[in-house]
Amino acid sequence: MDFFTPLEKIPRVGPQYQKRLKRLGIKTVGHLLFHFPHRYEDFSNVIPISEVKRGEMVSVQGKILDIKNIRTFRKRMVLTQALVGDTSGSLQVIWFNQPYLINNFKKGDFLFLAGKMNQSKSGRYLSSPAYEKISDELRFKNSDLIHTGRLVPVYPETEGLSSRWLRFIIRPLLDQLKDEVSDPLPDYLTKKYNFLDLKEALWQIHFPDSLRLAQESKKRFIFEELFILSLFVLRERTKLAKEKSVSVPLNVGLAKQFVKSLPFQLTDDQKKASWQILKDLERPFPMNRLLQGDVGSGKTVVAAMAALNTVKTGYQIALLAPTEILTQQHYQTFNLLLKKNKISIGLITGKENKFKNKNIKRKGLLRKTKSGEVDILIGTHALVQKEVKFGKLALVIVDEQHRFGVEQRAGLCQQKDLIPHFLSMTATPIPRTLSLTIYGDLDLSLIKELPKGRKKIITEIIPPEKRNKAYNFVREQIKKGRQAFVICPRIEPSATFQENNFNQINLEKRDRGWAEVKAAKEEYKKLAEKIFPEFKVALLHGRMKNEEKEKIMKGFKKGKTDILVSTSVIEVGIDIANATIMLIEGADKFGLAQLHQFRGRVGRGKEQSFCFLMTDFPSQKTSQRLRALIKCNNGFELAEKDLEIRGPGDFIGQRQWGIPNIAMDALKDISLVEETRKEAKEILEKDSHLKKYPLLREKLREFREKIHLE
Ligand code: ADP
Ligand code: MG
């Protein structure tokens with residue numbers, strides 16, 4: 001029996017359970033042993049029955065003096081009633097509605113029990129306790145206990161896999177594990193950090209002798225996970241540095257001229273980011289850079305400057321945006337910004353194709369892209385179709401999508417051995433621990449300041465009693481000619497959500513999507529019919545056809561509608577200067593950074609803008625959390641707060657990063673993240689291919705496979 005033994009070979013795991021385990025991604029003994037408890041029940045203090053007190057959780061041992069099933073009249077329940085005694089006394093035990101239990105017990109059986117002492121009219125009783133029967137009273141050792149009389153592991157709840165069952169299966173696996181289990185963590189690290197060795201750590205995390213030891217082994221596994229993650233990311237970096245890209249020399253004169261031509265002064269952060277990008281482009285290997293800046297911080301100009309320099313050196317750019325409207329917007333902006341520079345810009349979407357501001361047939365546009373006549377091609381996903389090939393592509397820019405595979409990038413190039421430079425722009429601030437780990441293969445450029453002269457958006461938390469007042473305020477604003485966004489609440493995934501369970505996640509996503517659409521439709525109806533019948537209200541949601549979505553967005557942009565109700569999944573990433581109100585329903589359901597991004601959709605024009613955070617649960621805690629938005633206008637600070645309060649889920653989203661739960665939590669811990677990264681760097685400096693560490697290599701391979709499952 002080793003880590004790679006398949007489930008089918010484990011005694012007592014039948015086909016039904018194999019299926020349930022596989023749904024969680026558990027296929028081997030190793031996977032099962034790395035399915036860790038998320039907490040422990042402390043039943044270690046076994047007391048004499050005479051000392052048992054009402055209302056307390058207690059742990060006792062004793063013999064069954066009497067046991068029977070009885071049926072209650074009123075509630076039609078079956079109670080399994082037992083009298084259990086030790087040398088100090090006896091107590092009543094009742095299990096509810098588990099009539100089959102009686103088959104496990106008989107008079108004289110020796111039991112450990114753990115549960116709560118309750119009181120009813122007919123007396124005190126131990127209520128549905130955890131139990132463990134000891135077959136050989138004389139020869140048993142305390143360490144044999146798995147459900148009672150000790151620290152008992154509790155596993156994440158899953159349909160059909162109880163903690164009791166998992167304990168029953170995992171315990172014998174630990175017993176049978178060879179002493180020399182293959183530990184991927186190098187010996188020198190285990191020694192340096194005083195970690196328990198792998199086998200001991202597995203014992204202590206499942207069946208700990210003390211909470212301290214459980215904690216220590218947890219630390220060891222977290223370290224291992226973060227270490228592997230760092231190794232993976234660092235190796236991706238070095239691999240990319242070995243690839244070839246076009247070197248684009250920096251033309252300082254041209255850059256200066258461009259900056260001068262702008263109707264505004266660049267902020268210092270914009271200058272710095274531009275410089276970093278232009279310097280990267282000079283290198284003969286691919287740039288891999290993330291340009292981060294709040295909504296409205298001016299990322300587009302920075303991208304345009306990089307594009308200009310690249311085009312004037314004789315190469316092409318591809319710019320990818322997530323929606324048709326954003327693509328159109330970029331097309332206009334780039335045409336405007338680069339007007340004086342005689343640059344040919346093309347537009348490719350599912351619907352229309354343009355070149356130099358004229359409509360063009362798709363075929364023609366593709367030909368001109370291949371020949372190099374198109375300097376910049378801006379598009380939606382239509383841009384990454386197989387038939388799109390660039391003759392001289394040097395740079396790929398992607399808006400609001402963090403990653404874009406290296407293979408996909410290479411696929412756009414006509415030349416086989418070239419990988420274009422890559423610039424990703426995002427308004428999602430990424431906390432530092434995450435930029436070192438899961439985004440660690442990307443270099444970062446930050447725009448932390450907004451351009452001067454922006455009006456601060458007035459943000460208010462609206463509890464139910466102020467709702468009408470807020471609506472009246474919106475009414476007045478619209479009468480003055482302004483427009484409003486209404487964002488509907490996010491629907492939380494249900495409690496059965498399970499990490500590692502791909503099918504289930506997809507299902508969840510689908511259900512959640514529909515639930516969100518339903519909520520948005522109801523909100524729309526309410527606003528259009530009851531609250532604002534005098535205004536034009538439109539609805540936008542993710543299940544609409546693209547064409548329909550575009551039509552509605554265009555209508556709003558042109559001022560044909562006054563209020564746009566939308567689900568949160570819709571990217572409202574367009575510039576609408578006349579929209580001055582952002583009203584967010586169920587604000588407490590969102591992360592702060594996301595609320596901040598919604599807020600950034602208004603406040604573009606010269607009028608004062610407002611953000612209303614509607615909440616039906618203005619508890620102390622939520623108001624306190626939301627109040628951070630009133631005080632703080634910095635996406636990065638808010639993102640750090642989110643990470644602290646909500647964990648990294650918001651930033652990683654539904655994407656499977658193959659990171660187990662225990663390590664997810666550790667992604668908040670900057671010193672641990674830095675430590676593991678340092679160790680990963682050191683080992684790669686000594687042994688870049690990990691030749692001396694085949695087990696680590698194997699782990700990395702597994703990790704990569706998991707990520708590719710996305
Ligand atoms: P985002 O970072 O959200 O993509 P944009 O690039 O769309 O932001 O810029 C938002 C607006 O700010 C645009 O209208 C742009 O012209 C303007 N802008 C960009 N940089 C500056 C600046 N330094 N000073 C004033 N306005 C700027
Ligand atoms: Mg933008």
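Glutamine 292 belongs to strand S8, which covers residues 288-293, where strands (E, at least two residues) and helices (H or I, at least four residues) are DSSP runs numbered from the N terminus. Because its relative accessibility is 1%, glutamine 292 counts as buried, a term that means under 20% relative accessible area with a 1.4 Å probe and protein chains only, whereas exposed means over 50% and partly exposed lies in between. The side chain of glutamine 292 reaches the backbone oxygen of threonine 428 at 3.2 Å, which is a polar contact, that is, a pair of N or O atoms within 3.5 Å; within protein, one must be able to donate a hydrogen and the other to accept it, and residues adjacent in sequence count only if both atoms are side-chain atoms.

The model is predicted, so that local features need pLDDT of at least 70 and side-chain atom pairs count only at pLDDT 80 or more, while totals for chains, interfaces and linings use all residues. Residues are numbered from 1 along each chain as its sequence is written, chains are lettered from A and ligands numbered from 1 in the order in which they are written, and side-chain values use heavy atoms, with hydrogens and water left out.

The chain contains 23 helices and 22 strands, and its C-alpha trace spans about 95 × 70 × 40 Å along the principal axes. Of its 710 residues, 53% count as buried. One of the helices, H5 (residues 198-206), holds leucine 202, which counts as buried because its relative accessibility is 0%. Leucine 202 and phenylalanine 617 are 415 residues apart along the chain, and their C-alpha atoms are separated by 42 Å.

Around ligand 1 there are 15 residues, of which Gln265, Gly296, Lys299, Thr300 and Arg454 come nearest; a residue is near a molecule if one of its heavy atoms lies within 4 Å of it. This shell divides into 5 nonpolar, 7 polar and 3 charged residues, and its largest share, 3 residues, comes from helix H9 (residues 299-312). Three contacts to ligand 1 are set out below.

| Residue and its atom | Partner and distance |
|---|---|
| Glycine 296, backbone N or O atom | oxygen atom of ligand 1, 2.6 Å |
| Threonine 300, polar side-chain atom | oxygen atom of ligand 1, 2.5 Å |
| Arginine 454, polar side-chain atom | oxygen atom of ligand 1, 2.7 Å |

The protein covers 75% of the 560 Å² of accessible area that ligand 1 has on its own, as calculated by the Shrake-Rupley method with a 1.4 Å probe.

Definitions and conventions
Nonpolar A, V, L, I, M, F, W, Y, C, P; charged D, E, K, R; others polar.
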